[in-house]
Amino acid sequence: MSLIKEITLFRINRLLELAENRVKENKIDLAKRYVYIARRLSMHNKVKIPKSKKLFICKKCNNYLIPGITCKVRKSKDFIIYKCNCGNENKMFILH
Ligand SMILES: [Zn+2]
């Protein structure tokens, strides 16, 4: 991995960490801004957002998803579904 990609990944992780903290402080707009910057960095430098973090990002409104604050969690037969307050759904496959 090149140095630029390494730095980008570091920045993405840090921004998402900050976004999580802002949501917990109820500063949703600021969190959305952080997620927007992280996603833009990822697209611009062709670095993938880690799979473990990807589930917690709403693609539609750039919200950081934390159950009980910005999203609801449901379970269907094969998926865990994170539903953002804007209505967008993220699905995660359940491994049996
Ligand atoms: Zn959303």
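Before the tour, one definition: when I say helix or strand, I mean a DSSP run, with at least four residues for a helix and at least two for a strand, numbered from the N terminus. With that in hand, the elements of this protein read α-α-α-β-β-β from the N terminus on. That comes to 3 helices and 3 strands. Please keep in mind that this is a predicted model.

Let's begin with the overall shape. Along its principal axes, the C-alpha trace spans about 40 × 35 × 20 Å. The radius of gyration is 14 Å, and a compact globule with 96 residues would come out near 12 Å, which agrees. Of those 96 residues, 22% count as buried. If we take the contacts with a separation of 6 or more, 43% of them are between residues 24 or more positions apart.

Now to the helix I'd like to spend some time on, H2. This helix covers residues 28-45, which makes 18 residues. From its first C-alpha to its last, H2 reaches 26 Å, close to the 26 Å expected at 1.5 Å a residue.

So which residues of H2 are buried? They are Ala31, Tyr34, Val35 and Ala38. These four sit on the same side of H2, because they cover an arc of only 95° around the axis. Here is the textbook background: an α-helix has 3.6 residues a turn, so residues three or four places apart point the same way.

And what do the buried residues of H2 pack against? Their partner is helix H1, residues 3-24. Turn to the other side of H2 and you meet exposed residues: Asp29, Arg40, Met43 and His44. Just after H2 comes lysine 46, and its phi is positive, near 55°.

Let's move on to the strands. The 3 strands form an open sheet in the order E1-E2-E3, with antiparallel pairing. Strand E1 (71-75) and strand E3 (89-93) are the edge strands, each pairing on one side only. From one strand to the next, the twist averages 20°.

If you have the structure open, look at E2 beside E3. How many bridges join E2, residues 79-84, to E3? There are 5, and the two strands run antiparallel. For a pair to find on screen, try phenylalanine 79, whose bridge partner in E3 is phenylalanine 93.

To recap, we have a helix H2 whose buried residues pack against H1, and an open, antiparallel sheet of 3 strands. Thanks for listening, everyone!

How values were computed
Residues are numbered from 1 along each chain as its sequence is written. This is a predicted model: local features need pLDDT of at least 70, side-chain atom pairs count only at pLDDT 80 or more; totals for chains, interfaces and linings use all residues. The expected span of a helix is 1.5 Å times one less than its number of residues. A residue is buried if 20 or more other C-beta atoms lie within 10 Å of its own, exposed if 12 or fewer, and partly exposed in between; C-beta atoms are placed from the backbone. The arc is that of the directions from the helix axis to the C-beta atoms. Two residues are in contact if their C-beta atoms, placed from the backbone, lie within 7 Å. Two strands pair if DSSP finds at least two bridges between them. Axes are lines fitted to C-alpha atoms, for helices over the stretch in contact, and angles run from 0 to 180 degrees between N-to-C directions. The radius of gyration is taken over C-alpha atoms; the globule rule is 2.2 Å times the number of residues to the power 0.38.
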